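Please open the model in your viewer and keep the selection tool at hand. We will walk from one stop to the next, selecting as we go.

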Amino acid sequence: MLTKSEENYLKEIYILEQYHKADVNTNLIAKRIHTKASSVTDMLKKMALKDLIIYQKYKGVRLNAKGEKVALSIIRKHRLWETFLVDKLHFGWDEVHDIAEQLEHIHSQKLIDRLDAFLNYPNINPHGEPIPDANGNFSSIDTICLDKLEIGETGVFVEVKNDSEKFLKFLTKNNITIGAKIKVIDKEEFDNSLKIEIDHKQFNLSEHVIKNLYLKNEL
């Protein structure tokens, strides 16, 4: 049985792999999990010995088939618990990430399968992220980052990449929730900020914010 730390590493490596579409270096992992690069290197060596990853010093790391299977299982549990907490226990979408971080390490497959059935087999979690099925498969939708939209284009907000409590509270405060229709009104070349419109209200968003918002484009 793997430790919680090892499971967390596999999950974060998978997420980084999907985002960067390449092998992941130790500095990226260290930044993601808030630790030192040397500590990451030590853990990667241990995980390589357990045949969970393919690791080459100075070249980065990627999951092998065994490691990816575990990572997808952890992600499935995490996102199912987030969905349960929001849909059934009425937590806010900004409250559930840390709780799901604890619940994702429960190893009862029967419990997770029944949770999935109880929720009627959801495809996405409250943050718009896809939920893998019991076999690790998930359906993906074509999305575009808000920063790729041109002036006058509109998209429906379907996924947020930063699910930290502070960031989600900021989005809620500005009425930026899943399903919101966002129109680009203007672009500022100086700092790459955008003026957007939601429900006939216009306001500015920084580059940091818009790079975490993904939409279905409605040209």
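**A guided walk**

Start by selecting glutamate 207, which is partly exposed, with a relative accessible area of 31%; buried here means under 20% relative accessible area, exposed over 50%, and partly exposed in between (1.4 Å probe, protein chains only). This is a predicted model, in which local features need pLDDT of at least 70 and side-chain atom pairs count only at pLDDT 80 or more, while totals for chains, interfaces and linings use all residues. Residues are numbered from 1 along each chain as its sequence is written, and side-chain values use heavy atoms, with hydrogens and water left out.

Now add lysine 211, which forms a salt bridge with glutamate 207, the closest N and O atoms being 4.0 Å apart. A salt bridge is a side-chain nitrogen of Lys or Arg within 4 Å of a carboxyl oxygen of Asp or Glu. Lysine 211 counts as partly exposed, at 39% relative accessibility.

**Into the core**

Next, select Leu146, Leu171, Ile176, Leu205 and Leu213: these have the most contacts inside the largest nonpolar core, which has 21 residues. Such a core is a set of buried Ala, Val, Leu, Ile, Met, Phe, Trp, Tyr and Cys residues joined through side-chain atoms within 4.5 Å. Colour the elements that give two or more residues to this core: β4 (154-160), α7 (165-173), β5 (181-188), β6 (193-198), β7 (201-205), α8 (207-210) and β8 (213-218). Helices (H or I, at least four residues) and strands (E, at least two) are DSSP runs, numbered from the N terminus.

Which residues is leucine 146 in contact with, leaving aside its neighbours within four places in sequence? They are Ile182, Val184, Leu194, Leu205, Ile210, Leu213 and Leu215, where contact means heavy atoms within 4.5 Å.

Apart from the largest core lies another, of 19 residues; to find it, select Leu10, Val40, Leu63 and Ile75, which are among them.

**Two hairpins**

Show β6 and β7 as a cartoon: they run antiparallel and are joined by five bridges. Two strands pair if DSSP finds at least two bridges between them. Pick lysine 195, and you will find its bridge partner, asparagine 204, in β7. There are two residues between the strands of this hairpin, in which aspartate 199 takes a positive phi near 50 degrees.

Now move to β1 (residues 53-56) and β2 (residues 60-63), also antiparallel, with four bridges joining them. Isoleucine 53 has leucine 63 in β2 as its bridge partner. This hairpin has three residues between the strands, and tyrosine 58 takes a positive phi near 70 degrees.

**Two helices with two sides**

Look down the axis of α7 and select its buried residues, Phe167, Leu168 and Leu171. They cover an arc of only 95 degrees around the axis, which puts them on the same side of α7; the arc is that of the directions from the helix axis to the C-beta atoms. Lys166 and Lys173 are exposed on the other side. Step past the helix to asparagine 175, which follows α7 and has a positive phi near 65 degrees.

Do the same with α6 (residues 109-118), where Ile112, Leu115 and Asp116 are buried. These residues fall within an arc of 100 degrees seen down the axis, so they line one face of the helix. They pack against α4 (65-87), whereas Lys110, Arg114 and Phe118 are exposed on the other side of α6.

**A buried aspartate**

Select aspartate 94, in the loop between α4 and α5 (96-103). Aspartate 94 is buried yet has no salt bridge; the nearest side chain of opposite charge, lysine 169, is 4.4 Å away. For that search, Lys and Arg count as positive and Asp and Glu as negative, with His and the chain ends not counted.

**Last stop: salt bridges**

A search of the whole structure finds 14 salt bridges. Show the side chains of arginine 32 and glutamate 12, which meet in one of them (2.4 Å, N to O). The pair links distant parts of the chain, 20 residues apart: arginine 32 is in helix α2 (residues 26-33) and glutamate 12 in helix α1 (residues 4-20). Arginine 32 counts as partly exposed at 36% relative accessibility, while glutamate 12 counts as buried at 11%. Widen the selection to Lys11, Glu12, Arg32, Glu101 and Glu104 to see a network of linked salt bridges.
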